[in-house]
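Let's take a walk through this fold together, starting inside and ending at the surface.

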Amino acid sequence: MDGIVLLKEDHKRVEKLFKRFEKAGANAHAEKRKIADQVIEELTTHTWIEEEIFYPAAREAAPDTKDHVLESVEEHHVVLWMLSELKGLDTADERFDAKMTVLMENVRHHVEEEEQEWFPDVRKTMGRNRLTELGEQMESAKKEAPSEPLAVPSAER
């Protein structure tokens, strides 16, 4: 699978979880916890493979995307801290839904920028063979990704 396709598949999986969360009732605490835990797992893995494999390769192949990469890493920083806070927050806490809503807004903005503004340029520059190679690397690396959001490099910056 090509690397950009893999990342877009991740985006779709997370968006489905967001929609499930939005449809869950106000008192569906157990369901919200389950969804939030899946979101934490998916986004932690996703940000890690982007930062460890995709972003460095994209930056090397298309140096003019440097600003997009730097902005994306900063967006990851915010998202990872929110994930770490959600991880330990009781779903009955009055801040839980608000925090999840802000997370969803941030992630949706990030995805839109990547998919609309950045990925098309990277695809043109890298070509199919390199993107397929990256996709295989990222898929394999998912097994090595940390489970703790704050273990992703951009969380420290």
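Here we look at the core, then the salt bridges, then a charged patch.

This is a predicted model, in which local features need pLDDT of at least 70 and side-chain atom pairs count only at pLDDT 80 or more, while totals for chains, interfaces and linings use all residues. Residues are numbered from 1 along each chain as its sequence is written, and side-chain values use heavy atoms, leaving out hydrogens and water.

The largest nonpolar core (buried Ala, Val, Leu, Ile, Met, Phe, Trp, Tyr and Cys residues joined through side-chain atoms within 4.5 Å) has 44 residues, and among those with the most contacts inside it are F54 and W118. Helices α1 (3-23), α2 (29-61), α3 and α4 each supply at least two residues of this core, helices being DSSP runs of H or I with at least four residues. The most comes from α4, with 14 residues.

There are 15 salt bridges, each a side-chain nitrogen of Lys or Arg within 4 Å of a carboxyl oxygen of Asp or Glu. In one of them, R108 meets E22 at 2.9 Å, N to O; this pair links α4 to α1 across 86 residues. Another joins D97 and K32 at 2.7 Å, N to O, with D97 in α4 and K32 in α2, 65 residues apart. Is K32 buried or exposed? K32 is buried, at 3% relative accessible area, because buried means under 20%, exposed over 50% and partly exposed in between, with a 1.4 Å probe and protein chains only.

At the surface, D67, E71, E112 and E117 gather in a patch of negative charge, built from residues with over 30% relative accessible area and no salt bridge, like charges being joined within 9 Å. E112 is exposed, at 54% relative accessibility.

Notes
Patch = residues over 30% accessible without salt bridge, like charges linked within 9 Å, V, L, I, M, F, W, Y side chains within 5 Å. Areas by Shrake-Rupley, 256 points an atom, 1.4 Å probe, with all protein chains shown as cover. Lys, Arg positive; Asp, Glu negative; His and termini not counted. Charge placed at Lys NZ, Arg CZ, Asp CG, Glu CD.
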